[in-house]
Amino acid sequence: MSTGVSPTVMVKQSYVYDYTDENGTRLIDRDVTGQGKNFYAVANVSVGYEQKWNKTSVQVAPYLKIPMSEIGYGNLSLGGIGTQVSIKRDL
């Protein structure tokens, strides 16, 4: 099992929102460049399993990234899930 924190700083952000209704009529065009939070962090949690065969081993580690803060103009809460798979060979 492993845990950690990944801090991130957004150096530059630029968004232009262009909304239209169902008839294709433009409702708003808004530039929010540089607005919003620029520091973000996620907590990382992972549990792995390793299986060895002779000189080769396979590792599988599902992970979860849990948002600790929000980022950007829309206060986005970015997290994720995934699996890391690796193969090792002893020389």
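## Salt bridge between β7 and β5

Lys88 and Glu50 form a salt bridge in which the closest N and O atoms are 3.7 Å apart. Because Lys88 belongs to strand β7 (residues 80-89) and Glu50 to strand β5, the pair ties together parts that are 38 residues apart in sequence. The coordinates are those of a predicted model, and the structure holds one salt bridge.

Neither partner reaches the exposed class. Lys88 is partly exposed, with a relative accessible area of 40%. Glu50 is likewise partly exposed, at 33%.

## Surroundings of Ser57

Glu50 also takes part in a second interaction: its side chain makes a polar contact with the side chain of Ser57, at 3.0 Å. Ser57 lies in strand β6. In contrast to the partly exposed Glu50, Ser57 is buried, with a relative accessible area of 5%.

What is Ser57 in contact with, leaving aside its neighbours within four places in sequence? The set consists of Glu50, Gln51 and Lys52, together with Ser86, Ile87 and Lys88. Both partners of the salt bridge, Lys88 and Glu50, are therefore among the residues in contact with Ser57, with Lys88 placed in β7 and Glu50 in β5.

## Overall composition

The protein chain has seven strands and zero helices. Read from the N terminus on, its elements run β-β-β-β-β-β-β.

Of the 91 residues in the protein chain, 14% count as buried. The accessible surface of the chain comes to about 7000 Å², and carbon and sulfur atoms account for 55% of that area. Among contacts with a separation of 6 or more, 54% are between residues 24 or more positions apart.

## Strand β4 and its partners

Strand β4 covers residues 39-46 and is mostly covered, with six of its eight residues buried. On one pairing, β4 is joined to strand β1 (residues 2-9) by eight bridges, and the two run antiparallel. Within this pairing, Pro7 has Ala41 of β4 as its bridge partner.

A further pairing links β4 to strand β6 (residues 56-67) through five bridges, again in antiparallel orientation. Here Asn44 stands opposite Lys65 of β6. Strand β4 is thus paired with β1 and also with β6, the strand that holds Ser57.

As a general point on such elements, side chains in a regular strand alternate between the two faces of the sheet.

## Nonpolar surface patch

Which residues make the nonpolar surface patch of about 350 Å²? The patch is made by Val9, Val11 and Phe39. Val11 is found in the loop between β1 and β2 (16-20). With a relative accessible area of 82%, Val11 is exposed. The other two members fall within strand ranges: β1 spans residues 2-9, and β4 spans residues 39-46.

## Backbone at Asn54

Most residues other than glycine have a negative phi. Asn54 has a phi near 50 degrees, a positive value in a residue other than glycine.

Where is Asn54 placed? Its position is in the loop between β5 (49-53) and β6. Is Asn54 buried or exposed? At 83% relative accessibility, Asn54 counts as exposed. The loop that holds Asn54 joins the strand of Glu50 to the strand of Ser57, the two residues whose side chains make the polar contact at 3.0 Å.

Conventions:
Residues numbered from 1 in each chain as written. Predicted model: local features only at pLDDT ≥ 70, side-chain atom pairs only at ≥ 80, totals over all residues. Heavy atoms only, no water. Buried < 20%, exposed > 50% of the residue type's maximum accessible area, 1.4 Å probe, protein only. Helix = DSSP H or I, 4+ residues; strand = E, 2+ residues; numbered from the N terminus. Pairing = 2+ DSSP bridges. Patch = residues over 30% accessible without salt bridge, like charges linked within 9 Å, V, L, I, M, F, W, Y side chains within 5 Å. Areas by Shrake-Rupley, 256 points an atom, 1.4 Å probe, with all protein chains shown as cover. Salt bridge = Lys/Arg side-chain N within 4 Å of Asp/Glu carboxyl O. Contact = heavy atoms within 4.5 Å. Polar contact = N/O pair within 3.5 Å; in protein donor to acceptor, adjacent residues only side chain to side chain.
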